[in-house]
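This report describes the overall organisation of one protein model, the confidence attached to it, and one helix in detail. The sequence and structure are shown first.

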Amino acid sequence: MDPNETVKLMVPGQVVLDRFKLVKRIGRGGMGIVWLARDQTLNLNVALKFLPEAVRNDPVALDDLKSEARKSIRLTHPNIVRIHDFIEAPEVVGISMEYIDGPTLAQLRLERKDKVFEAHELAGWVAQLCEALTYAHVDARLVHRDLKPGNLMVAGSNRLKVADFGISRSLSDTINQVTRENIVAGTLYYMGPQQLYGEKADPRDDIYSLGATLFDLLTGKPPFYSGDITAQIEDKPPPTVTERRREFRTPNVDVPEEWEAVISDCLQKKVEKRPQTAAEVAARLRLPANSGSYVVVDRERPGRQRAWNVALLGLLAVVALFVGIFFFGGRPGGEPAAQSETPKGGSADVAGPAGRSGVMDFIADSANLQLPEIPGVPEGGRFTNNLGMVLVPIERFYCSIWETRVGDFEKFMEVSGFTPAPGAMRVMTENDWQPDSTANWKNPGFEQTPEHPICGVSVVDALEFCRWLTEEDRGRGRITAAQYYRLPFGDEWETMVGPFDHPWEPQLKPQGNFAGAEAAEVPGWIRGRATFRDMDDAFPRTAPVGSFLENAHGVFDLGGNVFEWCIERTPTLKAHMRGGSWDSNISEYFLKQTVVNMPPAIRNSTTGFRVVLVEIGGDPAR
Ligand SMILES: Nc1ncnc2c1ncn2[C@@H]1O[C@H](COP(=O)(O)OP(=O)(O)OP(=O)(O)O)[C@@H](O)[C@H]1O
Ligand SMILES: [Mg+2]
């Protein structure tokens, strides 16, 4: 029997289960065929992995597989490809999962000149991989069992995504049961001896595969690749990376010592001799913790107390540049993406080359490893700061339950004397979005009370607020010297939303201040611009914070009211906005993953921000 035999008649345009419209075939793997499809219920692109016929025809195998898939569905991590559902139709069975628009590391390696990566090029991805493994092993207690370069994908912003968590190996076990043949999913090249013997899954199986994967990416081949692979995995010590590179005549044979040592330890035959955790691997490779991006952080550099200032100077320089381009270059400022398609804008670096060094410091400072212990606040408790902002603990940070209010910003302006850099604010008029030099954060063209969310602030304005608030709260002993406020990173924003796709969940009905029918009833709405006609949320423009139901974390207004500035974890720290606003009239804006890229200098009457409080971690000296 051919394990790859899935259903043959599949063509683009075909609708499966009345729900998934097939777009194109994107790959074939060990255990099935993968299609890009449109989930017409959720209005979302998904990857559908169709399983071999043999599985569909065996109810027991199918049940096993479903229960495995169910475990994987629980996994929620920015570096793990999300499994949505097990799908079952009369003609097919399959798994629907997050679609990743990007290559696998196996593909990327082949595009390299010498068909190998260098260690420093892998560092950022490996950091993210170790984070995903730590989460899966420690928090979710799940082992991947099929780690290999072909299951590591790279999405936008260099985000690493681990595919097929727990899925492909259980699939292969299932197929082996069904066919009574010993077919191994994908290949055995990356599998450790214990897995070969069929022992119970152990996180340290993944550590072996991690070693084999790194070996492959650095040399072009897994440790054992010809002859009797099984016997070699069981008994033969693997060559070192350097030896293999020499054998393959790779121009540069050297790899950093610690990489050589860690890989060799991961490939130990006995589980006790391997690094015991993914975190240990990351630490020994000296990878940036909680990196989330391909960033090489120089932790030793002196003068970090000035980090903020340097970063902000850099930001300001770039902002000046953007203001120039935007308002004097004749290009119209973009309303957050097109109204008809999924929002996706051009890039928006917060800091260009000018701000780079300072921004690197900023990222280094952002390696928040632990939940801040705030003086006087019981563990797990809420924290009310000097401005009366309420913050709740979520995993490794505290998050403001409200969008920053006009009243908060007013106090900041008053006390600090900060003057925003010049640049008109963009407001909605009947004739589209227009810069308006009379508008500002106090007067965005509609009435704002101190309880309304601040809007019309640039990223720099928002960061300056964070810096000031940090100094204030530190000065009054409300937070420690290691703690500070900043804008959330994109993945943190997703964590605030929780394991759901929409910010209002677990509420069933959409909750929040969107462009319902009421929005168009107030003068100034763009002529002819659509609204959600069946909705009336009672707030045509902004709503006082907390006017709608809170989410499962106790956080308000993540969906709608004002877009919230977030930062992407990239070397250039791109700014983007999330969550939709009072003017949002398409549902894509409210999806957790939707990112609207905007130049950081832009001031929109739809954009505000929310702060998080984090603690500098990993470096007790500071
Ligand atoms: N979630 C996804 N989003 C986008 N493309 C995907 C996704 N999953 C898989 N692919 C593409 O489909 C190809 C085949 O994937 P598949 O998982 O079936 O095979 P594999 O990874 O080689 O083997 P294994 O069954 O061991 O995982 C991948 O190489 C990748 O290009
Ligand atoms: Mg795969």
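## Overall organisation

In this predicted model, 68% of the contacts between residues at least 6 apart in sequence join residues at least 24 apart. The protein contains 16 helices and 19 strands. Of its 622 residues, 49% are buried.

## Confidence

The average pLDDT of the protein is 81, and 80% of the residues score at least 70. Two stretches with low values deserve separate mention.

Over residues 179-186 the pLDDT remains under 50, and the model gives this stretch 23 contacts beyond four places in sequence. Residues 618-622 also have a pLDDT below 50, with six contacts in the model beyond near neighbours in sequence.

## Helix α2

Helix α2 comprises 15 residues, from 59 to 73. The distance from its first C-alpha to its last is 21 Å, close to the 21 Å expected at 1.5 Å a residue.

Which residues of α2 are buried? They include Ala61, Leu65 and Ser72. These residues lie on the same side of α2, because they cover an arc of only 25 degrees around the axis. An α-helix has 3.6 residues a turn, so residues three or four places apart point the same way.

The face of α2 turned away from the buried side carries exposed residues, namely Pro59, Val60, Asp63 and Ser67. Helix α2 thus has Ala61, Leu65 and Ser72 as buried residues, whereas Pro59, Val60, Asp63 and Ser67 are exposed on the face turned away from them.

Definitions and conventions: Residues are numbered from 1 along each chain as its sequence is written. Chains are lettered from A and ligands numbered from 1 in the order in which they are written. This is a predicted model: local features need pLDDT of at least 70, side-chain atom pairs count only at pLDDT 80 or more; totals for chains, interfaces and linings use all residues. pLDDT is the predictor's confidence in each residue, from 0 to 100. Two residues are in contact if their C-beta atoms, placed from the backbone, lie within 7 Å. Helices (H or I, at least four residues) and strands (E, at least two) are DSSP runs, numbered from the N terminus. The expected span of a helix is 1.5 Å times one less than its number of residues. A residue is buried if 20 or more other C-beta atoms lie within 10 Å of its own, exposed if 12 or fewer, and partly exposed in between; C-beta atoms are placed from the backbone. The arc is that of the directions from the helix axis to the C-beta atoms.
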